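Student: I'm new to this one and would like a close look at a single part. Could you walk me through it once it's on screen?

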Amino acid sequence: MKNIRWLILKLVNVATLGGIWISLVQCTVLNHCLKSCVTNLGRQLDIGTTYNLSEPCIQGCHFWNSVEQENCALKCNDTYAPVCERESCEVGCSSAEGAFEEEVLENANFPTAPFASSIGSHGVTLRWKPANISGVKYIIQWKYAQLPGSWTYTEAVSKLSYVVEPLHPFTEYIFRVVWIFTAQLQLYSPPSPSYRTHPYGVPETAPSIRNIESSSPDTVEVSWDPPQFPGGPILGYNLRLISKNQQLDSGTQRTSFQFYSTLPNTTYRFSIAAVNGVGEGPEAESGISTLSSAVQEEEQWLFLSRKASVRKRSLKHLVDEAHCLQSEAIHHNITGISVNGHQQVIYFSEGTLIWMKGVANMSDVSDLRIFYRGSGLISSISLDWLYQKMYFIMDELVYVCDLGNCSNVEEITPPSITAPQKIVADSYNGYVFYLLKDGIYRAALPVPSGRDSEALRIVESCTLKDFAVKPQSKRIIYFNDTTRVFMSTFLDGSASHLVLAHVSFADVKSFACENYDFLVTDGKAVFQQDSLSFNEFIVGCDLSHIEEFGFGNLVISGSYAQPHPLPGRPQQLSVLFGSHQALVQWKPPALAIGTSPSAWQNWIYEVKVSTQDFPEITHVFSNISGTTLHVPKLQSATKYEVSVRASSPKGPGPWSEPSVGTTLVPASEPPFIMAVGEDGLWSKPLNSFGPGKFLSSDIGNVSDMDWYNNSLYYSDMKGDVYVWLLNGTDISENYHISNISGAGALAFDWLGQFLYWAGKTYVIQRQSLLTGNTDIVTHVKLLVNDMVVDSVGGYLYWTTLYSVESTRLNGESSLVLQAQSWIAGRKVIALTLDLSDGLLYWLVQDSQCIHLYAAVLRGQSSGETNITEFAAWSTSEISQNTLMYYSGRLFWINGFKIITAQEIGQRASVSVLEPAPFNQFTIIQSSLKPLPGNFSITPKVIPDSVQESSFRMEGNASSFQILWNAPPAVDWGIIFYSVEFSSLSKFLASEQQLSPVFTVEGLEPYAFFNLSVTPYTYWGKGPKTSLSLRAPET
């Protein structure tokens, strides 16, 4: 240590005497760098070296400065010719950079958000406060404030302002500034407030059509999102729906619209364009076909009341007697009627009672019974045929109960509803409609444990006495007594349309309509629409006796008037495959346009599973009430196609887009995951679904993991390394591995029995678990974030933030497979091996998605390494430097800390292990750590020592050879020799020598010399044999 201090002081003094001024930070950096060089490079590389590598490393420390960081490696390249010296010089550059980063983290302020100094239509000028450390470069990043997307890079600058362009007009952006200290160290400011560029021109993009559907023959509904780049404030939208025989043009300021009076069974083309203050933007288009008109096969019946009697009248005949219910038990005028067309039951209210009876024989009172006995006057009722509920108004409050048992009544009056006169429940679309003295109001259908929904007025009128809701057409029909016309609107009060003009009634107390054929009563009589006029419609119980006054509560009944909705496509279908089973999951179909989340959605699902090789063999699983399905009895390593569709009593909806995936390969030992979360260690077989098994809370804060046989190796956040002994999927005991410190990335060589690690020093090291010996494998320019070992091939691979690199297991044959520009916004995250097919995979993440790269493993092909890119392979995120391969798919931890899998050939990922959050994991299965060739036990890969007695010399002093007997051959790999020769007059060394012979020339006869021979393979070194000899005679 005294020598190290002396060397450092001497070098610093030389620099001072040379007239070089170094700041306090630079002095500190230099001191740390020099210590690192002497400490780390005072230890030899794995195969030994004849060079004093600390000297070029120290020179690299002097070459580096924070202003011209990139010049350091260039100076090393110009100064040193031997590769090992040049690399050691570059280690000095990296060590200086690392020391500088530590100083920055201790002394730098944190950046503050940039601010806009001027804003235009296509650009924003930003300024920001400088860093308190010189030599910093800045990069402005931007992202949309309201649109999806991640941070986008601009360019590195030294000044304190930047014009971000080109930007879109009238678009909100947020910005942040990045302080660039080194390629590995950047500090990010908080985001700025959002800034909106100025308007310019017409909308750049078209609206995005979200959904278009035809829920009935006479309607087409469409919804859309505004254009992403509107150019200015959107004033409205121009809409067109056109077919061969019809064109409907309209405009709206909303983002949904219903076209009314379309033709049945007709194909239309829909187009939409946004309009701002300058003009109209580009159009978006979509096609839609309307439904066919339903054939009414069942007889239609009119139900109504006259005073205290309930009547049923067929609509088939112009003149006919009504079927009447008249009972002495009914004491008051009927106030409401509701019919269950599916169960053929009528409900009606009078006084404080709600009655029910079958409709087959209205005059038979034997099945007349009280459904509910209230405490106040019941003024209106409405049956919900989908959820099987009864809604009613009692003493101007709103109540609901189950049709099966109305003893448990719940009061649900919305806060804004006062003195309602009529109620209509529409669970088809998820709303309750109320008639108040100032118009029609709409509120979301209440759901269990749901919050009270706000009621909004959708039709304004102070004279309305009745209205009707057509669920399938999503229309509200009402009588406008001012203009004496029947109008209809969409469920939100938009898209008003004239239904029937020139109605002669001065007052409409109640009406009913089906297919827009109206029956109306003014209270005195009932009238039926005949073309454009109305004729009186006799509803008397006895045709010989004309009745007048007291008519109301008109209802046209039939199961067709109480439809079930037809579902759309299920969403977000995902399939997690095991080897012989699969877990299928999906989300319900999206809500129909204009409906609320409480609309009836009690779908029944069916799942279709087929193989791509034999599509005619299809398995269908039916009557599924949930949104998950466990599919058993699948073939391993087989590609399947899975689809799901929803059904209702009305029929099946469309099939989802299929999900294609492959079952896991068969395995004699089931694969399983070992994962570390915030609470400890978990295990879970890959072939099973559901939560994993919790093992221990003694493991936490893990940096990296690897395994072999029954041992699980892991490094913690302190840099210590431990081993847990495994018992199947359980753990038994653990112990600490000594002489390893600062470990981050970790990998295990299962043939040579070496543990490799890298941390915050710019070296990769390894320790033999057999001998405990530790040595440096190689030096790196950037810190390692992930590392894997190809033990069979004898190669080591690792990633940094911006590169994928490799060497032999002993540090020879270094190669950079891929280098990313650090300013491009892309970062290399992790890598993994597929040893079965001889491939290396790694992931690169940018601001939008994950890109997958693949390359053939080194040693498996001749020539240059070809890299295959799977651009935009996944839209998931990867949050940890961990990637695993198994059975044609990759596994990682996503942005939600959930372990996720995705097949190489697919573009959709699926969750594997929840509920997380996890920060590290590994997959354990023997095929992932194979033995080479046909070996059934671990082959010998590290040679024995050379026998000292086998050394001999041939020749004379001027030129002679030293020969020795090769040690026994290893089972796998090639034996090389590292030879060191030293005498008073010369020093010789040889690496990667295949033959057991060493030639010496030019020695004096009988000259004394020392010789060391170390046999080694890529997996490790055998013991060194050293001896002292004399040269032969002349």
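Student: Let's zoom in on where domain 5 and domain 6 meet: how many residue pairs are in polar contact between domain 5 and domain 6?

Tutor: Keep in mind that this is a predicted model. The count you're after is five residue pairs in polar contact between domain 5 and domain 6, with both residues at pLDDT 80 or more. Salt bridges are another story: the count between these two domains is zero. If you look at the domain 5 side that touches domain 6, you'll find five charged residues there, along with five polar and four nonpolar ones.

To find the spot, use the domain assignment: domain 5 covers 673-928 and domain 6 covers 952-1031. On the domain 5 side, 14 residues take part in the contact, and domain 6 brings eight residues to it. Together the two domains bury about 790 Å² between them, and 50% of that is on carbon and sulfur atoms. Their C-alpha centres, meanwhile, sit 39 Å apart.

Now step back along the chain for some context. The assignment also places domain 4 at 570-663. UniProt, in an unreviewed entry, lists residues 566-666 as "domain: Fibronectin type-III", and gives that label to 110-205 and 206-294 too. Over residues 566-666 the chain is 48% strand and 0% helix, with the end C-alpha atoms 42 Å apart. For residues 110-205 the figures are 43% strand and 0% helix, and the end C-alpha atoms there are 39 Å apart.

Conventions. Residues are numbered from 1 along each chain as its sequence is written. This is a predicted model: local features need pLDDT of at least 70, side-chain atom pairs count only at pLDDT 80 or more; totals for chains, interfaces and linings use all residues. Side-chain values use heavy atoms; hydrogens and water are left out. Domain bounds come from an automatic or database domain assignment. Contact means heavy atoms within 4.5 Å. Buried area is the accessible area (1.4 Å probe) that two parts lose on being put together, summed over both. A salt bridge is a side-chain nitrogen of Lys or Arg within 4 Å of a carboxyl oxygen of Asp or Glu. A polar contact is a pair of N or O atoms within 3.5 Å; within protein, one must be able to donate a hydrogen and the other to accept it, and residues adjacent in sequence count only if both atoms are side-chain atoms. Ala, Val, Leu, Ile, Met, Phe, Trp, Tyr, Cys and Pro count as nonpolar, Asp, Glu, Lys and Arg as charged, and the others, Gly among them, as polar. UniProt positions are given in the numbering used here, feature names are shortened, and annotations may be inferred rather than shown by experiment. Helices (H or I, at least four residues) and strands (E, at least two) are DSSP runs, numbered from the N terminus.
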